[in-house]
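Ready to practise reading a protein model? Keep the sequence and the 3D view side by side, and try each task before you look at its solution.

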Amino acid sequence: MKNTKIIAVANQKGGVAKTTTAINTGVALAIRGRKVLLIDFDPQESLSQFFGCYAAEKNIAGLMYNVINKRDCNISEYIVHNEVNKIDFIPSELNAMNKLEKDLISVRSKETVLKRAFAKGKEIIEKYDYVIIDCLASLNVMLDNALTAADHVLIPCQASPMSFGALPNLILQVKEIQEELNDSLSILGIVTTMYSRTNICKNTKEMIDNTYGELVFKTYIEQMSAVAESPMKEKAVVLSSAQRNRVSAQYKELATEIEERA
Ligand SMILES: Nc1ncnc2c1ncn2[C@@H]1O[C@H](COP(=O)(O)OP(=O)(O)O)[C@@H](O)[C@H]1O
Ligand SMILES: [Mg+2]
């Protein structure tokens with residue numbers, strides 16, 4: 001893809017703010033005038049449901065089955081526009097995603113299916129500046145697909161020791177995909193999420209900064225109840241203009257750093 005940057009938001013741990021980061025950086029980039037396509041790549045459908053979309057018939061797994069079954073398809077039929085957040089996305093669907101994960105076992109070049117789906121829809125994909133893939137909490141073949149299709153990996157890491165401890169395995173998998181399937185893949189950066197002024201958070205943030213240095217974004221995201229409440233409003237926190245909403249400003253800053261790096 002010529003000018004389109006494909007970013008996988010990945011971490012094999014659940015609840016570290018992957019979906020929140022995908023949505024808010026995506027909407028923040030859109031506010032900055034970028035054309036953004038979000039991909040819900042998690043069977044849990046969290047991103048789709050955030051935008052009020054449940055059990056979508058036209059979903060990312062269906063798009064990938066077209067590649068497997070060598071069927072022609074129009075990728076634009078899979079893209080949903082969300083007017084409140086002014087953003088496009090391709091939804092996920094629980095059953096189709098779970099079936100696909102199992103079926104991939106017997107598919108040749110099973111890690112490249114998503115990449116080939118994007119290539120098939122190249123003309124549409126290239127209209128976007130950023131494609132942001134909200135990955136599932138796993139290191140399985142589905143994650144391999146996201147990492148093979150992507151140019152960059154954005155890693156949210158919760159400011160907790162458990163989350164910090166999960167990073168080496170993820171980085172190892174990124175390296176393996178780089179070596180075996182996608183030599184243009186790079187780690188865009190690690191962003192510390194759900195930070196609060198507790199000793200445990202401070203210590204973990206220090207460990208992340210000291211261990212990963214330049215890889216870590218300057219911006220970190222604080223813990224704030226407005227974020228946890230945002231799915232009820234189906235509205236990204238970055239669209240809040242409340243002065244006290246620091247997370248809104250932080251995700252906008254993160255979007256600026258992302259633009260500098262990719
Ligand atoms: N900065 C934050 N402050 C407070 N709650 C947050 C923050 N970021 C995420 N959350 C909440 O934490 C939970 C997990 O976040 P989510 O983005 O779904 O993680 P993941 O996609 O990695 O599983 C969600 O309920 C979300 O609303
Ligand atoms: Mg998620």
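Three exercises follow, each with a worked solution.

This is a predicted model, in which local features need pLDDT of at least 70, side-chain atom pairs count only at pLDDT 80 or more, and totals for chains, interfaces and linings use all residues. Residues are numbered from 1 along each chain as its sequence is written, chains are lettered from A and ligands numbered from 1 in the order in which they are written, and side-chain values use heavy atoms, with hydrogens and water left out.

**Exercise 1. Find Ser 48 and describe its surroundings.**

Solution.
- Step 1: Start with the element. Ser 48 belongs to helix 2, residues 46-50 (helices are DSSP runs of H or I with at least four residues, strands are runs of E with at least two, both numbered from the N terminus).
- Step 2: Check the exposure. The relative accessible area of Ser 48 is 0%, so this residue is buried (buried means under 20%, exposed over 50%, partly exposed in between, with a 1.4 Å probe and protein chains only).
- Step 3: List the partners. Beyond its neighbours within four places in sequence, Ser 48 has contacts that include Asp 40, Cys 53 and Phe 89 (contact means heavy atoms within 4.5 Å).
- Step 4: Look at Ser 92. The side chain of Ser 48 reaches the backbone nitrogen of Ser 92 at 3.1 Å.

**Exercise 2. Is Cys 73 buried, exposed or partly exposed, and where does Cys 73 lie?**

Solution.
- Step 1: Locate the residue. Cys 73 is in the loop between helix 3 (60-68) and strand 3 (80-82).
- Step 2: Read the area. At a relative accessible area of 33%, Cys 73 is partly exposed.
- Step 3: Find the contacts. Leaving aside neighbours within four places in sequence, Cys 73 touches Leu 63 and Asn 66.
- Step 4: Try a distance. Cys 73 and Phe 50 are 23 residues apart along the chain, and their C-alpha atoms are separated by 26 Å.

**Exercise 3. Which backbone atoms approach ligand 1, and how much of the ligand is covered?**

Solution.
- Step 1: Take the oxygen. An oxygen atom of ligand 1 is 3.0 Å from a polar backbone atom of Ala 17.
- Step 2: Take nitrogen. A nitrogen atom of ligand 1 lies 2.7 Å from a polar backbone atom of Glu 222, and a backbone N or O atom of Met 224 is 2.8 Å from a nitrogen atom of the ligand.
- Step 3: Read the cover. On its own, ligand 1 has 560 Å² of accessible area, and the protein covers 79% of it (areas come from the Shrake-Rupley method with a 1.4 Å probe).
- Step 4: Add the helices. Helix 1 (18-31) and helix 11 (225-233) each supply at least two residues of the shell around ligand 1; helix 1 gives the most, with three residues.

Key
Polar contact = N/O pair within 3.5 Å; in protein donor to acceptor, adjacent residues only side chain to side chain.
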